[in-house]
Amino acid sequence: MMYPFLFFDRTYILILIGVVISGIASWNVKRTFETYDRYENQRGLTGTDVAERLLHAAGIYNVRVERVSGDLSDYYDPTNKVLRLSDATANSSSIAALGVAAHECGHAIQDQQNYFFLKFRNSIVPVVNLGTNASWMILILGVIMGHDQTLIDLGIILFSLGFIFQVLTLPVEINASRRAIHILDEEQLLTADELPYAKTVLKAAAMTYVAAVFASLLSLLRVVLLFGGNRHDN
């Protein structure tokens, strides 16, 4: 028996489209960050300064701000209550860096306020990891067992967990960016002229998550096309 998933097939075009879209989004966010990284904020604040001020302004004192190596590798760790800023953000006083730092503070505020989508997304991480790792084994087993559609359907459902995770990530990231712009304005850390630059950077970053959702959807569609066409059990 010939198994199409072991060889090149026309559905690979879906994967290639997803890779191209994700690549364009990543290139755009890097280009946008580099553009507005040239503009220093008028108050001379660094990314670390802004992160600490915004956390304290939100009444958050149990989150540490630490530096992590790399560029645009910033993230908030809700388990250890640590906000990690990359080399390109921590000591930079650019408007782009302040926007990124404020975005990560947005995640910390979400955590403090028990923002539903953040809590739910984080709670399903173990299930998503287990399901997506097991999905291909179950799909292959279903094919080997004479296209057992029950196993194949289970494999497709487990594979779709990755797509569901990406969909849940989107509102989390968009909300964090909205919070970032709001608190930067409210605390007057950026001027009215500087805020649009920060918005542009964060919008470009948000598009990487939109691209991730689309790429994940294409991957799921490919799996459905490869395995979902034989609707019977043996």
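So, a quick definition to start: rings of Phe, Tyr and Trp (for Trp, its six-membered ring) pair if their centres lie within 6.5 Å, and planes under 30 degrees apart count as stacked, over 60 as edge-to-face and the rest as tilted. Search the whole structure that way and you get 8 aromatic pairs.

Before the examples, some housekeeping. This is a predicted model, where local features need pLDDT of at least 70, side-chain atom pairs count only at pLDDT 80 or more, and totals for chains, interfaces and linings use all residues. Residues are numbered from 1 along each chain as its sequence is written, and side-chain values use heavy atoms, with hydrogens and water left out.

Okay, Phe116 and Phe117. They're edge-to-face, 5.4 Å centre to centre with 70° between the planes. How exposed are Phe116 and Phe117? Phe116 has 53% relative accessibility, so it counts as exposed, while Phe117, at 32%, is partly exposed; the cut-offs are under 20% relative accessible area for buried, over 50% for exposed, and partly exposed in between (1.4 Å probe, protein chains only).

Next, Trp136 and Phe159: also edge-to-face, because their planes sit at 85°, with centres 6.0 Å apart. Trp136 is partly exposed at 28%, but Phe159 is buried at 16%.

Back to the Phe116 neighbourhood: ring pairs link Tyr115, Phe116, Phe117 and Phe120 into a cluster. And Tyr115 has company, since the charged end of Arg179 sits over the Tyr115 ring, 5.5 Å from its centre. Arg222 does likewise with Tyr12, at 4.2 Å. "Over" here takes NZ of Lys or CZ of Arg within 6 Å of the ring centre and within 35 degrees of the ring normal.
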